[in-house]
Structures are given as structure tokens and as C-alpha cells.
Amino acid sequence: MTRPSPRHALVLGGATLLFGAAMLLGTLIGPAGLTAGGVLLDLLDRLPFIAVDSGLTERQQVILWEIRIPRVVLGAIVGATLAIAGATYQGVFRNPLADPYLLGVSSGAGLGATLAIVVGGAMGSAMVPPAAFAGGMIAVMATYALGRSVGGGRGEVVIILAGVAVAAFASAIQTFFMQRHDDTLRQVYSWMLGRLTTSGWTDVRTVLPYVLISVAVIALFRRMLDVMAVGDVEAATLGIAPARVRLILISVATLGTAAVVSVSGLIGFVGIVIPHAVRMLIGPGHRLLLPTSLLAGATFLILADVVARTAMSPAELPIGVVTAAIGAPFFLVVLRRSRGHM
């Protein structure tokens, strides 16, 4: 293991500064008519030993602290989780094109959300997050069980193929219910295209414990990800149990992904674009790759959400459309660069 170079420290520090700037920008910009000066003064007023008059009305303060800031924080949590989960999946499967949705969590969550909307009736919206979380976790557990029964849990290729099968099956069931209940299509597609609409801090408090557990365990295993990069046989000779480490990392990465997807819907490309871009900048070492991906993912999704809620104001674009518009061209560039290595 090599010590971080000054360039690596500069990249990590730069990522932290960009994250802070994105948080501030996301807080300042919005369609509610709050002035930037008033928002800044109200933020200062909340600091200890500082008392200033922001000039914001009570209603404007509620909009700021119960709608806009929780949305920015939720965007940061979702982006950070998808990015660090994507970096983990790419390390576990030794594939720079892997993402957090690889093993069927998106299809399972989509099926759970669809069933909640179709069956839940008036309570459907409230049932979507827990149903999506359960669907995503069940899909990944089914993927791993199927891969283990077919391939003995030894090869990552078998697990990926099992994920494709489970995702196809879940998507087929989801399509069936959507066809049978076409009156819910608009609500289902609204969730599938991704959104960060939130009222208050409930969604943040709901997902934060799962995300903290996921990030903490991934951070503890960061050195093992570097060891596993050389292959299962070589890792085993160095005292690592590849199958056990893979199971742990897949489980915790999926836990965080399923938690954030349950409240944000399906936001694509963050888990592919961010870790790959960071890897191109600072190299493959996970000690720096993971925290930088986390910060970059949070920054990216906050800025994407700013575009989503201002580009067509007062209407709002689904944030999944914005991330796809950015991620798809990048994905094509990655494929082109990788063509000579396949």
C-alpha cells in the first residue's frame, strides 16, 4: 500500500469543497421566490452566538427548513450512497461498468412500488417506500440464492447472470400489473423516473441509519477490495475468503441502495458514472476511491436536482431524466475507451 500523494489529497480536498459549494447552491436556488441574501442570513442566524434578521417571513422559513434543505440533504444522501455502492460493486466484480442495480435491486424495488400503488389504494403513496425497500432486498437475496445454488457461490459471473434472470422476472410481473391497472401508470412512472420530493425530514431520518451502516462496513472492508482486485485465487492465498467478503459487501451495498431507492425512485447512471470518473482521476485504490466517490456522488445529484427543479420552472423534470442525459453520453465514452481492453 502506498501513501496518498499530495495530488490525491488535493483531489479529496477539492471534492469536499465542491460538495460544500453544491450544498450551498442547492439551498440558495429554488422556485419559491426566496432571495439568496435572505437565505444566507437565515442560515447564519441558526449558527451559535449569531443573531441576524434574515427578513424571511415565517412561511418562507418553513419552505427553507422543511422543504428545500431536507431535499438537498436527501439528494446528498442518495447520490453518495449510489456512488459508493457503485464503487463497491465495481470492486467486488472487478468490472468498471457494474452499478448498484446490477443484481436486480431496481427491478425488485420497482415491483414493490408498483404493487403498493396498485393494491394500496388511498394508502398507496405511504406504502411505496417500505414496499420498494422490501422488493429490492428480496430480489437481491433471490439473486444470491440462485447464483449460489447454480454456481456454488464461487463465481461473480454466475451471480451477475442470476441477477439478470431475477430482474427479468420481476420486470415481467411489474409489467403485468401495470397493464392490468393502467389508471396507475402515471404514478408508477413518476416513481420509476426518480424524484427527491420530500416534506420535512422524515425521509432523511428513515434512510440515514441504513446508509450509515452500509458506508461504515464498506469503509472497513476497503483494503480487502484492493486485495480482491488481483483475483479470488490470489486473494485466498493472502488469507482473504473471497466468497464471504463478496457476500458481506454485496449485502451492505444493497442495503444502502435499497434504502435510498425506496424514497427516491430509480435514479440511473450515478453508480456507474461517478465511481468510474473518480477512478480515472485518482486511480483504483479504494482507500481514496470510496470517500471521493461518496463526495462526488452527493455533489453530482445535488446539482442534477438543481437542474431538475429550475430548468422548466415552475414545472419540474424527473431527476432520473437529468442523470440519464448526463450519464448516457459518459457511458458511451467509457465503452469506447474500454473497447481496446475487452
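In the predicted model, Asp305 and Arg309 are joined by a salt bridge in which the closest N and O atoms are 3.1 Å apart. Both residues belong to helix H13, where they are 4 residues apart, about one turn of the helix, and both of them are buried. This pair does not stand by itself, since Arg71, Asp305, Arg309 and Glu316 are linked in a network of salt bridges. Within that network, Arg71 forms a salt bridge with Glu316, with a separation of 2.6 Å between the closest N and O atoms. Arg71 lies in helix H3, whereas Glu316 is in the loop between helix H13 (286–310) and helix H14 (319–338), so the pair ties together parts that are 245 residues apart in sequence. The two partners are covered to unlike extents: Arg71 is buried, with a relative accessible area of 10%, while Glu316 is partly exposed, at 39%.

Under the criterion applied, the count of salt bridges comes to 4. One of the pairs is formed by the side chains of Asp42 and Arg46, which meet at 3.9 Å, N to O; this lies inside the limit of 4 Å that is set for a salt bridge. Asp42 is buried, its relative accessible area being 0%, and Arg46 is partly exposed, with a value of 46%.

A nonpolar surface patch of about 360 Å² is made by Leu41, Leu44, Leu47, Ile50 and Val52. Among these residues, Leu47 is found in the loop between helix H2 (36–45) and helix H3 (58–93). With a relative accessible area of 42%, Leu47 counts as partly exposed, and it therefore passes the threshold of over 30% that is required of a patch residue.

Turning to the interior, the largest nonpolar core holds 76 residues, of which Val78, Phe93, Trp191 and Ile250 touch the most other members. Helix H3 gives the most to this core, contributing 16 residues. When neighbours within four places in sequence are left aside, Phe93 is in contact with Leu102, Leu103, Glu156, Ile159, Ile160 and Ile250. Apart from the largest core lies another core, of 6 residues, which includes Ala76, Ala80, Ala298 and Ile302.

Ser106 is located in helix H4, which covers residues 105–120. At a relative accessibility of 15%, Ser106 is classed as buried, because the limit for a buried residue is set at under 20%. Once residues up to four places away in sequence are excluded, Ser106 touches Tyr101 and Leu266. Ser106 and Ile267 are 161 residues apart in sequence, yet their C-alpha atoms are 9.3 Å apart in space.

For the feature "transmembrane region", the unreviewed UniProt entry lists residues 69–89, 101–122, 128–146, 158–177, 207–225, 246–276, 288–308 and 315–335. Two of these listed spans may be set side by side in the model. In residues 246–276, the end C-alpha atoms lie 20 Å apart, and the span is 84% helix and 0% strand. In residues 288–308, by contrast, the end C-alpha atoms lie 30 Å apart, and the span is 100% helix and 0% strand.

Note on methods. Residues are numbered from 1 along each chain as its sequence is written. This is a predicted model: local features need pLDDT of at least 70, side-chain atom pairs count only at pLDDT 80 or more; totals for chains, interfaces and linings use all residues. Side-chain values use heavy atoms; hydrogens and water are left out. UniProt positions are given in the numbering used here, feature names are shortened, and annotations may be inferred rather than shown by experiment. Helices (H or I, at least four residues) and strands (E, at least two) are DSSP runs, numbered from the N terminus. Patches are made of residues with over 30% relative accessible area and no salt bridge: like charges are joined within 9 Å, nonpolar side chains (Val, Leu, Ile, Met, Phe, Trp, Tyr) within 5 Å. Accessible areas come from the Shrake-Rupley method with a 1.4 Å probe; for residues, only the protein chains shown count as cover. Buried means under 20% relative accessible area, exposed over 50%, partly exposed in between (1.4 Å probe, protein chains only). Contact means heavy atoms within 4.5 Å. A nonpolar core is a set of buried Ala, Val, Leu, Ile, Met, Phe, Trp, Tyr and Cys residues joined through side-chain atoms within 4.5 Å.
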